[in-house]
Amino acid sequence: MLGWKIAATSLAGQAHIQVSGPLAGRLLSGQIFNAGATLSLAGNRMRVAEPEFCFRMARDLPPRATLYAQ
């Protein structure tokens, strides 16, 4: 596993996939491609590719009882 992503962050996105709130998902290292890579959508039932942007943090954030703020 490479990291995490958050999906369905808007009310419209949540309504589209029929969920009640944002969802966390794993970013798997086997699904990471370099800029300019050519990908095939063969076997992709949705016929769509969704790019994700990754950021490397200087260090891990420790778990907290309260939420992190901006």
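Q: How many helices and strands make up the secondary structure of the chain, and in what order do the elements run from the N terminus on?
A: This is a predicted model, where local features need pLDDT of at least 70, side-chain atom pairs count only at pLDDT 80 or more, and totals for chains, interfaces and linings use all residues. Residues are numbered from 1 along each chain as its sequence is written, and side-chain values use heavy atoms, with hydrogens and water left out. Helices (H or I, at least four residues) and strands (E, at least two) are DSSP runs numbered from the N terminus, and the chain has one helix and two strands. From the N terminus on, the order is β-α-β.

Q: Which element has the lowest mean pLDDT, and which the highest?
A: pLDDT is the predictor's confidence in each residue, from 0 to 100. Across the chain the average is 87, and 99% of the residues score at least 70. Among the elements, the lowest mean belongs to β1 (87) and the highest to α1 (94).

Q: Is the chain more spread out than a compact globule, or less, and what is its radius of gyration?
A: The radius of gyration is taken over C-alpha atoms, and the globule rule is 2.2 Å times the number of residues to the power 0.38. For 70 residues that rule gives 11 Å, and the chain is well over this value, so it is more spread out than a compact globule, with a radius of gyration of 15 Å.

Q: What box do the C-alpha atoms of the chain fill?
A: The box is taken along the principal axes. Its dimensions are roughly 45 × 35 × 20 Å.

Q: What share of the residues of the chain count as buried?
A: Buried means under 20% relative accessible area, exposed over 50%, and partly exposed in between (1.4 Å probe, protein chains only). Of the 70 residues, the buried share is 9%.

Q: Why does Gln14 count as buried, and which residues is Gln14 in contact with?
A: Gln14 lies in helix α1, residues 11–17. Gln14 counts as buried because its relative accessibility is 8%. With contact meaning heavy atoms within 4.5 Å, and leaving aside neighbours within four places in sequence, the partners of Gln14 are Ala8, Thr9, Val19, Ser20, Gly21 and Pro22.

Q: Where is Ala8, and what is its phi?
A: Ala8 sits in the loop between β1 and α1. It counts as buried because its relative accessibility is 14%. Its phi is positive in a residue other than glycine, near 55°.

Q: Is Gln18 buried or exposed?
A: Gln18 is found in the loop between α1 and β2. Its phi is near 55°, a positive value in a residue other than glycine. With a relative accessible area of 74%, Gln18 is exposed.

Q: Which residues form the salt bridge found in a search of the whole structure?
A: Side chains of opposite charge can pair when their charged atoms come close. A salt bridge is a side-chain nitrogen of Lys or Arg within 4 Å of a carboxyl oxygen of Asp or Glu, and the search of the whole structure finds one. At 3.0 Å, N to O, the pair is Glu52 and Lys5.

Q: How many residues apart are Glu52 and Lys5, and where does each lie?
A: The salt bridge joins the side chains of Glu52 and Lys5. This pair links distant parts of the chain, with Glu52 in the segment after β2 (23–27) and Lys5 in strand β1, and the separation is 47 residues.

Q: Which residues does Glu52 touch, not counting residues up to four places away in sequence?
A: Glu52 is partly exposed because its relative accessible area is 34%. Glu52 and Ile6 are 46 residues apart in sequence and 10.0 Å apart in space, C-alpha to C-alpha. The residues that Glu52 touches are Lys5 and Leu27.

Q: How far apart in space are Leu2 and Ser29, C-alpha to C-alpha?
A: Leu2 has its place in the segment before β1. Leaving aside neighbours within four places in sequence, Leu2 is in contact with Leu27, Leu28, Ser29 and Ile32. Leu2 and Ser29 are 27 residues apart in sequence, and their distance in space is 5.1 Å.
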